[in-house]
Amino acid sequence: MICVSLGRTRHKMVMAEHRALAQRGAELVELRLDFLARDPDLTRLLPGRPTPVVVTCRTKKDKGRWFGSEEQRLTLLRAAIVAGVEYVDLEEETAPLIRRYGKTKRIISHHDFDETPQNIEEIHARLCKLDPDVVKIVTMANAPYDNIRMLKLVASAKVPTVGFCMGELGTISRILTGRYGAPFTYATFSPDRELAPGQLPFEDMKNIYRYDQISRDTELFGVLGDPVAHSLSPLIHNTAFANERMDRVYVPFRIPADTLDFTLQQYEWLGVRGYSVTIPHKEAVVSFAQHHDPSVQEIGAANTLLREGEGMWNATNTDYSAALASVHVGLQETEGMGASLEGKRVLIMGAGGVARAVGHAMVRSGAIVAIANRTKQRSVTLAAELGCQQILWDARASHYADVLINCTSVGMHPNVDESPFAENWLREGLLVFDTVYTPEQTLLIKSARDRGCHTVTGVEMFVRQAAMQFELFTGSAAPIDFMRETIRRGLSSAK
Ligand code: NAP
């Protein structure tokens, strides 16, 4: 079950949003009485409430906004119990002062906004002695491993325990706490209404992560990166799993670069079946895996890890194959170009991670490749690795090409008015592939269309690399058209 936290300054707003949440399918709502600007009036908030509620009233010490006296706060919590609310949240210090009464269930809670202390088991044992129906323990994650300590605690608890970590590093524990037995997790009313660091919106928990369907049997996948909060991979993979009615979930694993090896070893406990890999881990994961596909051996970077057995992983690179497939889509649509890259002149702009994967794919297909990059030394190094030509960044306009590929980040949100190749340098019939996909219609793509070029967008590559991962993860054909639509919807709602 998902408990949606509701904190508003006016009673009218609380009641209206509570009704709206019930209509949106919420089954439990936390009323944060401390957010109300005037004395909370339970006779307005509780009768005829549209869902069961948790009544909570936090003081400043627990990052709440309660402005009254402690005596008034305790009186309010007792009144909520007498009114028969379904749950009341009592902090560790408050619980001994408030007696059990009627059917109201007691959530005995502990929050630590600084860290996940070493003694969370001890804290949990203390909370268990305070006559709880549910123990709630919420701490700040300062390292990915804090999630594992917390989820192990939830899994071994004898009293039903809601345990998760706050902060962006703790997001996975919010999504996975139910998998280990937590009776519910917490979410926000909407993306802009976070009441605690790292909270996810109710709609994402419900519709993207399908929180209520996650069980011990649910196969776990995710994306390794830093940052990952705005990654579209959870959206595209989870909706594809749901579309195919698969008992699988895909979560954002934010892992700082210096903790990758240690974290992946600790995350073995979660039994993750497959990872997508993004910046900054694409090179580092190669040494973590025992087996490597030829694309990874060639490029030295991977974007996918697939579990082969206990502690055994295979690394592959679907960026490589997706870039190749995307260029082929463009070739097929370009009259007179022919289906093969053999002998085609390809100009690649950029010399970063994507340029490397694309460059290897192009060279391997027999194309005649040239690399231009703003920082000359990087293009010299990549050209030497690929055995291809390097040209000066300022000379890129005069280089003849059949296919132009942008592998720089120029044109990416928020710099949508920039292009790495001026419109008047483009000639009719050229095939232009822009790997940037945020936005899909980059200035380069728009200019190319205006000049009569053929175009392939970064969405094509993004969808294809995700579809190939889906097939590796599940062994089933990917619903690629559905995934393409999902990504386009995700991109337009992120605008
Ligand atoms: P990266 O390793 O950081 O490389 C960035 C490249 O962009 C470098 O060559 C850099 O040149 C160049 N660059 C950055 N700002 C520039 C500027 N103002 N003018 C000229 N060149 C500039 O990044 P990456 O991982 O290769 O990713 C590159 C882009 O690919 C991303 O921005 C993303 O949009 C796209 N991408 C697409 C997909 C997909 O599936 N479609 C997947 C991943 C990434 P310097 O060497 O001079 O810094």
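Me: What does phenylalanine 462 put next to an oxygen atom of the ligand?
Reply: A backbone N or O atom of phenylalanine 462, 3.4 Å from that ligand oxygen. Keep in mind that this is a predicted model.

Me: How much of the ligand's area does the protein bury?
Reply: The protein buries 79% of the 930 Å² that the ligand exposes when taken alone.

Me: Which elements give two or more residues to the shell around the ligand?
Reply: Those are α13 (353-364) and α16 (458-474). The most comes from α16, with 3 residues.

Me: And which residues come nearest to the ligand?
Reply: Of the 22 residues around the ligand, that's Val354, Asn373, Arg374, Thr375 and Arg378.

Me: How do the shell residues divide into nonpolar, polar and charged?
Reply: You get 11 nonpolar, 9 polar and 2 charged.

Me: Back to backbone atoms. What about threonine 435 and serine 409?
Reply: Threonine 435 has a backbone N or O atom 2.9 Å from a nitrogen atom of the ligand. For serine 409, a backbone N or O atom sits 3.3 Å from a ligand oxygen.

Me: New topic. How many disulfides does the structure hold?
Reply: The count is 0. Take cysteine 57: its nearest cysteine sulfur belongs to cysteine 3 and is 15 Å away. A disulfide needs the two sulfurs within 2.5 Å, so cysteine 57 is in none.

Me: Is cysteine 57 buried or exposed?
Reply: Buried, with a relative accessible area of 0%.

Me: Where's the nearest cysteine sulfur to cysteine 388?
Reply: On cysteine 407, 12 Å away, and cysteine 388 is in no disulfide either. Cysteine 388 has a relative accessible area of 18%, and it counts as buried because the cut-off is under 20%.

Me: Ok, on to helix α12. What should its 16 residues span?
Reply: At 1.5 Å a residue, α12 (residues 318-333) should span 22 Å. Its end C-alpha atoms are 23 Å apart, so the two agree.

Me: How many residues of α12 are buried?
Reply: 12 of the 16, so the helix is mostly covered. Among them are Thr318, Asp319 and Tyr320, and further along Val327, Val329, Gly330 and Leu331.

Me: Why would residues three or four places apart point the same way in an α-helix?
Reply: Because an α-helix has 3.6 residues a turn.

Me: Last one: what does asparagine 317 do at the start of α12?
Reply: A side-chain oxygen of asparagine 317 reaches to within 3.0 Å of the backbone nitrogen of aspartate 319. Aspartate 319 is also one of the buried residues of α12.

Note on methods: Residues are numbered from 1 along each chain as its sequence is written. This is a predicted model: local features need pLDDT of at least 70, side-chain atom pairs count only at pLDDT 80 or more; totals for chains, interfaces and linings use all residues. Side-chain values use heavy atoms; hydrogens and water are left out. Helices (H or I, at least four residues) and strands (E, at least two) are DSSP runs, numbered from the N terminus. The expected span of a helix is 1.5 Å times one less than its number of residues. Buried means under 20% relative accessible area, exposed over 50%, partly exposed in between (1.4 Å probe, protein chains only). A polar contact is a pair of N or O atoms within 3.5 Å; within protein, one must be able to donate a hydrogen and the other to accept it, and residues adjacent in sequence count only if both atoms are side-chain atoms. A residue is near a molecule or strand if one of its heavy atoms lies within 4 Å of it. Accessible areas come from the Shrake-Rupley method with a 1.4 Å probe; for residues, only the protein chains shown count as cover. Ala, Val, Leu, Ile, Met, Phe, Trp, Tyr, Cys and Pro count as nonpolar, Asp, Glu, Lys and Arg as charged, and the others, Gly among them, as polar.
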